[in-house]
Structure formats: C-alpha cells, structure tokens
Amino acid sequence: MGSFEAITPGTDLPRYARDLVRMHDAVIGGGRAPLRPRTVVARSWSRVLAAGLAPDRTNTRAILPFDEIEQRRRTSPLQEVIGDLSRILTGVADSSQMMMVVADADGIVLWRSGAARVRGRADELGFREGATWTETTVGTNAIGTALAEAVPVQLFSGEHFEQSQHPWYCTAAPLHDPRTGDLLGVVDVSGPALTLHPTVTALVSAAVEIAQGQLLHRQYERLQRLRDTAMPALSALPGPALVIDRNGWVAHATGVAPARRIAVPNSERAVQVPGLGLCIAEPLAEGWLLRPMTGDTRIRMTLDLSGAPVVRSTGGESDWHTPLSQRHAEILLLLHRHGRRGISVTELSTAIHGDPDHAVAIRAELSRLRRILGSVIENRPYRLSAAVEFTVELGDTLTGDAYLRGAGFSPENDAFRGRPQG
C-alpha cells in the first residue's frame, strides 16, 4: 500500500483494527509490538507526544463561536467551491456511513455534512464545526497530519493517537490555490472504521482536483469580466497599459508582455511595473488600470534611521512617507547594501534569522513590505528596482553596520557584507 492508503483491497478490517489498537498501546507505552506504525504515523505520534497530549483521554477541544465560524466561511476562498465539494461527496456520504468535513488552513472545521448517525457520533468527539482539528489539539488525525505533512493522509483505527478516535477512519487531502500553490484548507471524509472502502482515497483525491479546477475556472471568469469592464477605458488610451484584479493578477495587457501577477498597486503613489516602468494606478470596479507616467520616472526613496525607521519617497504625482517596523527597515537596508546584485531568500533568512530555514517567513515579510512601498522590490534575486534612487539617513553616531549589528546581524555573515549601491 502507498503512504496515502491505510488499507488495501481485501484487508480483513476487524482483524486489522484489533492489530493496530494493540500496536498503538504497545508503541505509545514504550513496549514492543509485532506490527510497526507506518512512517507517516510514527512521525505524527512523535510530534504529538512532544506536544504533551495524552492518548488515553479526549484532549481539550475549543469550539469557536458561531459568528466567528460564519466570518471564516465568508472570507475563505473555499466558500467558492464548497457547493462543488458537497455535490461530489455529500451525496455519497448521505447514503453511506460517512461524512464530509472541510477545514481551513488553520485546521478549523468550517463545513460538515453527511449521515446524521455519523455526525452524531462525531459530536461526541468534538469533531464539529468550529473545532480546531490539528495534531497539537486532537492528536494524530488525517486533517491535522495532512496539514503537518503537506500531503494526503488516510488513517485507520489505532493509527489515531487518541484512543477515543480508534473506532474511526479518516481520509484527508490538502486543497491548494491552483494559481499560487498556497494552502487553502483540507477536505476530509470520515466514518466508522469497519466501513472503510479502498475507493475512498480516490473519491477524496478526485473531489480536491475538481475543486481546484473550479477555482481556476472562476478566476478566468473574473478576469474576463474585468477585461470587459476595462475595454472602454483601454480603447481611449494611446499607449501601453495593464489591467489587473485586486490581487495583482493580470487580466489584460496592451503594448507589454507582463508577468502573470504583479504587486498590488496603491492609488496614492506611483508604482514600478516590470515592462512598463513607473505607472499611475487608477481604480476599476474590481481591479486597477495601470499606465506609464510621463516626465520624470525615477522614484527617490530615503530610509531614515536617525530615529524610529521611516521611509520617504518622491516621484510620481505626490510625495509620501510612512513608518516602518525594524524588521522591514533591516530588509530594506540589506537590499540597499547588495545593490543590483541582489540577495536570495536563503541569504536574507540567514542574515536575519541566523539560518536558511525561514524562507517562508522572509517571503511573507517581503510581501507585506511591497504592500507598504508599492512594487519597488524585484524578485529572483530580491533587489530594489533600477528605477529607485535609494539613500539612507543615519544618526550622528550611527552607521549602517552599527544599525545591523544592533539588530543582531553578524559582520562575518556573507549576507551582511553587501555594499551600498547608488
């Protein structure tokens, strides 16, 4: 069997369930067992034991209030495809001893449907809307372990950490944004252990693939509507222009071959757009119209470190300034030091955190910094746009090196030693 499936066709379910329960009791208790847990299960048990959860009782469940559940449902991208998932899975679940569960990327159960008897038994476990179903909350389970491992997971009977979950099977697969790869949530089918059928894995996988396809199809429809809305304005423009949605996805381009996505603009300031240079952003009903500026297209940006970090900019149709966090100031100073050579995400991680293992956190900080500054930071490698004239103002006794040292940077670090450019 693969790492996803817990059983194979022809498995004697009652016997296998008894063997797994004995294995669970022996391994968790530190004894010897003739059956060893699958690798994915063993890793999960190690994480859960390290988190201090108990296997012989139902660990504490916190249930969100109804209004917070509704808020999460409204803002979840999965709201768009919950109807598709229900049509695929709920019909089967209603006629079988199973239920469909959809959780968000935090492992919080937002939707649940299926056989009433099974839902009633799930209520006794606290497996209901608003419950956090992560490993650190409820132990090894398909939703939480799929989140931890970032892969589909099926668990059967004694493979669950909590003994109260041993009468269950669960099959879960992560659902990602097909455009970005970002995790949106987890789709799960669960039911009484002895009713598990080998086809459940294929059913869940198919449901996730269809839902991801529907998300992509709806994105194309939104971009088409945006194109149609923008056409009157575009037809009146003599030069190149770009139409993007509120998340930066390109709906239409005239006179330029852009990337699929750009940084989201800001109507208060000019923005740097690859292929177009410095642009003015004009709001549309569901997005933005970007067109190149005329005249001086340089952005003059100053990072003021003489007190609390502030960035000031001139260029475009207005001047502006905004406070920065120390972390964002550190990133800007490192980008400045490395000039047009740039710096990789692993180098930034090493410079800021002391190791290369915080790439996800670095990308998130850079995304937030772009929202503050506009698209003046280029990718691969990360560097300030060539259209930016960047300077740093320091206090009377402060140097750039001193500022970085004060933030915990080491001069011996290669990522520290870039030299200011421009």
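Student: Which residue in the turn between S1 and S2 has a positive phi?

Tutor: Gly 107 does, with a phi of about 80 degrees. Keep in mind that we are looking at a predicted model. S1 and S2 form a hairpin, with four residues between the two strands.

Student: How many bridges hold the pairing of S1 and S2, and in which sense do they pair?

Tutor: Strand S1 covers residues 99-104, and it pairs with S2 in the antiparallel sense over five bridges. To see one position across the pairing, find Val 101, which stands opposite Arg 112 in S2.

Student: Is strand S2 buried or exposed?

Tutor: Six of the six residues of S2 (residues 109-114) are buried, so the strand is largely enclosed by the rest of the structure. For the wider picture, the protein chain has twelve helices and 16 strands, and 48% of its 422 residues count as buried.

Student: What do nonpolar side chains tend to do?

Tutor: In soluble globular proteins they tend to be buried together. Here the largest nonpolar core has 66 residues, and those with the most contacts inside it are Leu 85, Phe 127, Ile 143, Phe 156 and Leu 175. Helix H1 (residues 13-28) gives the most to this core, with seven residues. Apart from this core lies another, of 32 residues, among them Trp 320, Ala 329, Ile 331 and Phe 390.

Student: Which residues does Phe 127 touch?

Tutor: Set aside residues up to four places away in sequence, and its partners include Met 99, Val 101, Val 109, Arg 112, Trp 133 and Ile 143. Asp 188 is also one of the residues that Phe 127 touches.

Student: Where is Asp 188, and which side chain of opposite charge is nearest to it?

Tutor: Asp 188 sits in strand S5 (residues 183-192). Asp 188 is buried yet has no salt bridge: the nearest side chain of opposite charge, Arg 112, is 9.7 Å away. A salt bridge needs the nitrogen and the oxygen within 4 Å, so that pair does not count as one. The side chain of Asp 188 does reach the backbone nitrogen of Thr 171, at 3.4 Å. Beyond its neighbours within four places in sequence, Asp 188 is in contact with residues including Met 99, Val 101, Phe 127, Ile 143, Cys 170 and Thr 171.

Student: How many salt bridges does the structure hold?

Tutor: It holds 23. Let us read a few of them. The side chains of Arg 73 and Glu 70 meet at 2.5 Å, N to O. These two are three residues apart in helix H3 (residues 66-75), so about one helical turn separates them. Arg 73 is buried, with a relative accessible area of 15%, whereas Glu 70 is partly exposed at 23%.

Student: Which parts does the salt bridge between Asp 106 and Arg 72 tie together?

Tutor: Asp 106 lies in the loop between S1 and S2 and Arg 72 lies in helix H3, so the pair ties together parts that are 34 residues apart in sequence. Their side chains meet at 3.1 Å, N to O. Asp 106 is partly exposed, with a relative accessible area of 44%, and Arg 72 also counts as partly exposed, at 24%.

Student: Which residues are joined into one network by salt bridges that share partners?

Tutor: Arg 43, Arg 47, Glu 135 and Glu 149 are joined in this way. Another salt bridge to look up is the one between Glu 282 and Arg 291, at 2.4 Å, N to O.

Student: Which residues other than glycine have a positive phi?

Tutor: Ala 150 is one of them, with phi near 60 degrees. Ala 150 is found in the loop between helix H7 (142-149) and strand S3 (153-156), and it counts as exposed at 54% relative accessibility. Arg 380 is another case, with a positive phi of about 50 degrees. Arg 380 lies in the loop between S14 and S15 and counts as exposed at 82% relative accessibility.

Student: Is the peptide bond from Arg 380 to Pro 381 cis or trans?

Tutor: That bond is cis, with omega near 0 degrees. Pro 381 is found in the loop between strand S14 (377-378) and strand S15 (383-384).

Key. Residues numbered from 1 in each chain as written. Predicted model: local features only at pLDDT ≥ 70, side-chain atom pairs only at ≥ 80, totals over all residues. Heavy atoms only, no water. Buried < 20%, exposed > 50% of the residue type's maximum accessible area, 1.4 Å probe, protein only. Lys, Arg positive; Asp, Glu negative; His and termini not counted. Polar contact = N/O pair within 3.5 Å; in protein donor to acceptor, adjacent residues only side chain to side chain. Contact = heavy atoms within 4.5 Å. Core = buried A, V, L, I, M, F, W, Y, C linked by side-chain atoms within 4.5 Å. Pairing = 2+ DSSP bridges.
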